[in-house]
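Biologist: I'm new to this one, so could you walk me through a few parts of it?
Modeller: Gladly; here it is.

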Amino acid sequence: MLKRELLSLPHHRSWALTHLKDAGVPFQWHYHPEYEITLTLGAEGMRYIGEDVAPFGHCDLALVGPDVPHTWDAKASDGAPEVYVVFLPRHWLQAQVEAGLVELSPLLDWLAGLGNGAVFGTATARRARRLFERMAQPGPLPALAALLELLQLLRADEHGRPLGGRLQQPPDRRLDRLLGHLQRHYQEPLRLEQVARHCSLSPATLKRLLQQHCDTSFSQYLNRLRLGHACHLLTTSPLPVALVREQAGFNNASHFNRSFLAHTGLSPLAFRRRFGWRRLGS
């Protein structure tokens, strides 16, 4: 089930870092209003960021945009998995630039242009590891310097792959209310007019908000959420495909199969055969 994750910043930093050692990589389909930069070491599996579904290896580096549903489905590949995660508030860089640090403007422009996020080359991921290690050390100023160096490293990666979509700039509370409703109720039958009425929007405004800020339509956004949940169920449960389809919110089998194939390049059964063994032991 998709969950909204709440983040508390440490009192001595305007951003946050999590470091997990000797721990598994839990499959948790979630989103949050912060940018996320995740370095995964010693694990391999599938990475889900918005509409992007792709395998990853034992040294993987990805950036997730604000409010983009995402998760990792992984198993250990080289010793115990180790994960570093940076959480960067949505307008963190913008606030620094507006406060006078105009040198950060190129980073701000780059980040705003990434859409749903980006994944980076292995060489960049390996170089980034030492920066994450520096950020994990005591002392807020050295950690901040390492964070800025990390952002510049990611921006300079010629092998980085943007994930598309368009992030909301500036924030719109109507969009926050709309996306929150869709992310809570995507498993239910939803009609555009019904959702618009619940969110105190006209149908035309609802469609405009999604197109302008998310570069998607109402049906495409719902499909993204439902297909992500279907991938989750196929890799973490033994439910028959028909029940997976129903629990993900699809009421038409042929539409589900066509959408799933277009989204992942595989049929639901082929997807389970290829990736479900990580959870099902088959």
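Modeller: We can take two helices, a loop glycine and some of the empty space in turn.

Biologist: Anything I should know before we start?
Modeller: This is a predicted model, in which local features need pLDDT of at least 70, side-chain atom pairs count only at pLDDT 80 or more, and totals for chains, interfaces and linings use all residues. Residues are numbered from 1 along each chain as its sequence is written, and side-chain values use heavy atoms, with hydrogens and water left out.

Biologist: OK, where does helix H3 bend?
Modeller: H3 bends by about 25 degrees at alanine 128, the bend being the angle between axes fitted to the seven residues ending there and the seven starting there. The helix covers residues 122-135; helices here are DSSP runs of H or I with at least four residues, and strands are E runs of at least two, numbered from the N terminus.

Biologist: And which of its residues are buried?
Modeller: The buried residues of H3 are Thr124, Ala125, Ala128, Leu131, Phe132 and Met135, where buried means under 20% relative accessible area, exposed over 50%, and partly exposed in between, with a 1.4 Å probe and protein chains only. They pack against strands E2, E4, E7 and E9 and helix H4, with contact meaning heavy atoms within 4.5 Å.

Biologist: What about H8, how many of its residues are buried?
Modeller: Of the 19 residues in H8, 16 are buried, so the helix is mostly covered.

Biologist: Switching topic, where is glycine 160?
Modeller: Glycine 160 lies in the loop between H4 and strand E11, and because its relative accessibility is 26%, it counts as partly exposed. Leaving aside neighbours within four places in sequence, glycine 160 is in contact with Val119 and Phe120. Its C-alpha atom is separated by 5.9 Å from that of glycine 121, which is 39 residues apart along the chain.

Biologist: Last thing, how much space lies in the second largest pocket?
Modeller: About 250 Å³, on a 1 Å grid over the protein atoms alone, where a pocket is an open set of points with protein on both sides within 12 Å along at least five of seven lines, and lining residues have an atom within 4 Å of a point. Grid points are joined across faces, edges and corners, and the volume is the space filled by probe spheres set on them.

Biologist: And which residues lie nearest its centre?
Modeller: Of the 16 lining residues, Pro189, Arg226, Gly249, Phe250 and Asn251 lie nearest the centre of that pocket, while H8 supplies the largest share of the lining, five residues.

Technical notes: 1 Å grid on protein atoms, 1.4 Å probe; cavity = no way out; pocket = protein on both sides within 12 Å on 5 of 7 lines; lining within 4 Å. Expected span 1.5 Å × (residues − 1).
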